[in-house]
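Trainee: Hey, could you walk me through this one? I'd like to start with the helices and then get to the sheet.

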Amino acid sequence: MTRRVIALGVGVVIIILLLLAVRGCLNARKERGFENYVSDLSSIATQSNQLSSEFFARLEDPPKGTDELSLEAQIAADRGTAEGLLKRVEGLDTPDEVSNAQTELTEAFELRRDALAGIADDIPTALGSDGRSEAIDRIAGDMRAFLASDVLYARSKAAIESVLADQEISGNIPDSVFLPEPVDRWLDHLQLTTILSTFAGDAGATQGVHGLALLSTKIGKTTLTADAENSVALGNDAPDLEVEVQNQGDTEESDVTVSYSFSGGAVPLQGEGSIAKLDAQGIETITLGLQDVPDTDVPLTLQIEVLPVPGEEVSDNNAATYTVTFN
């Protein structure tokens, strides 16, 4: 009986040791899984940061000789790189504990891929004349998608690192901010237009001094005052806008785009037109017909923008905002 008890005790000890060994192997395997996940994700984040750095550096400080066609080709290549990074994120061997964070991480890289795809599609129009303003609006929207992706990535990173701490596993996820500071530079329509105008036009288009100015805006017989209340009598038909623009540079400009947008009503109104030729120091008035009759007895916000031309470095006087009530 004593020998049996001893044998039983030895057997129990052996089973406990085996269970501990199996548990240790499972824990080691789990730890390696987390470490591999963190390592792979860190590599992806680093490459995404590099993609962002190269993309925005190309826009802010383009290498000598970068023209419209080369910029389009480079952005198309960036689009392919973003697609590859997304596939790598989707292919990560994700621990169950971070599955929710992984979902947000995937959404972040989808936003980056889609935004670069949208920019690649719109950049030819944004560097041209027809539909230029709308294309730049869409690119500004893609920049906002970059900003949203940064928020999603930061939330995912915090959640993953919280799980790592709970699991007592060392490791840090690198930051990944795609849209650089100052973000307003990339979200503002006029500033974005000024940046892109560097690539538009002929090689010699930026010689000399270039600069446009919005001088005045009229609706019918009423000259509007910026940042003030304006009351305008409305007839039966949609009114016209008359926008006075001056070329304050020393070079003749062509295809000067002027856009308008009314917001605050039931249906937003927007449109644009272009001045075919504007002599140096010359002044021209462009008439923009509204597509529909605006709402009455409601304060509307009217935004007028004169899009910067190639070589224009300051666009502070290219836009004005008016508050208009039709009655």
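Mentor: Sure, we'll go through the packing, the sheet and a few odd backbone spots, keeping in mind that this is a predicted model.

Trainee: Okay, how many residues are in the largest nonpolar core?

Mentor: That core has 52 residues, and those with the most contacts inside it are Phe55, Phe56, Leu59, Met143, Phe146 and Leu196.

Trainee: And which helices supply at least two residues each?

Mentor: Those are helix 1, helix 2 (68–90), helix 3 (99–126), helix 4 and helix 6. Helix 4 gives the largest share, 12 residues. As background, nonpolar side chains tend to be buried together in soluble globular proteins.

Trainee: Let's zoom in on Phe146. What does Phe146 touch?

Mentor: Leaving out residues up to four places away in sequence, Phe146 touches Phe55, Phe56, Arg112, Ala115, Leu116, Ile119, Phe178 and Leu179. Two of those names, Phe55 and Phe56, you've just met among the residues with the most contacts inside the core.

Trainee: Which residues are in the other core?

Mentor: There's another core lying apart from that one, with 28 residues, including Leu241, Val256, Leu269 and Val306.

Trainee: Back to the helices. At what angle do helix 4 and helix 6 cross?

Mentor: Their axes cross at roughly 105 degrees and come within 10 Å. An angle of 65 to 115 degrees counts as roughly perpendicular, so that's the word for helix 4 and helix 6.

Trainee: Which residues make the contact?

Mentor: From helix 4 you have Arg132, Ser133, Ile136, Asp137, Ile139, Ala140 and Met143, and from helix 6 His189, Leu192, Thr193 and Leu196. They divide into 6 nonpolar, 3 polar and 2 charged.

Trainee: What about Ser48, is that one buried or exposed?

Mentor: Ser48 counts as buried, because its relative accessibility is 1% and the cut-off for buried is under 20%. Ser48 lies in helix 1 (residues 2–60). Beyond its sequence neighbours up to four places away, Ser48 touches Leu85, Phe109, Arg112, Ser176 and Phe178.

Trainee: New topic: what's the strand order in the open sheet?

Mentor: The order is 3-9-8-5-6, so to speak, reading across 5 strands with mixed pairing. Strand 3 (229–232) and strand 6 (269–278) are the edge strands, and each pairs on one side only. From one strand to the next, the twist averages 30 degrees.

Trainee: How many bridges join strand 8 to strand 9?

Mentor: There are 6 bridges between strand 8 (residues 300–306) and strand 9 (residues 319–326), and the two run antiparallel. To find one of the pairs, look at Gln303, whose bridge partner in strand 9 is Thr321.

Trainee: You mentioned odd backbone spots. Where is the cis peptide bond?

Mentor: Look at the bond from Glu181 to Pro182, which is cis with omega near -10 degrees. Pro182 sits in the loop between helix 4 (132–166) and helix 5 (184–187). For comparison, most peptide bonds are trans, and most residues other than glycine have a negative phi.

Trainee: Then which phi does Asp227 have?

Mentor: Asp227 has a positive phi of about 55 degrees, although it is not a glycine. You'll find Asp227 in the loop between strand 2 (222–223) and strand 3. Asp227 is exposed, at a relative accessible area of 69%.

Trainee: And what about Gln281, what's its phi?

Mentor: Gln281 has a positive phi too, about 65 degrees, and isn't a glycine either. Gln281 belongs to the loop between strand 6 and strand 7 (283–289), and it is partly exposed at 48% relative accessible area.

Note on methods. Residues numbered from 1 in each chain as written. Predicted model: local features only at pLDDT ≥ 70, side-chain atom pairs only at ≥ 80, totals over all residues. Heavy atoms only, no water. Pairing = 2+ DSSP bridges. Helix = DSSP H or I, 4+ residues; strand = E, 2+ residues; numbered from the N terminus. Axes fitted to C-alpha atoms, helices over the stretch in contact; angles between N-to-C directions. Buried < 20%, exposed > 50% of the residue type's maximum accessible area, 1.4 Å probe, protein only. Contact = heavy atoms within 4.5 Å. Parallel < 35°, antiparallel > 145°, perpendicular 65-115°, else oblique. Nonpolar A, V, L, I, M, F, W, Y, C, P; charged D, E, K, R; others polar. Core = buried A, V, L, I, M, F, W, Y, C linked by side-chain atoms within 4.5 Å.
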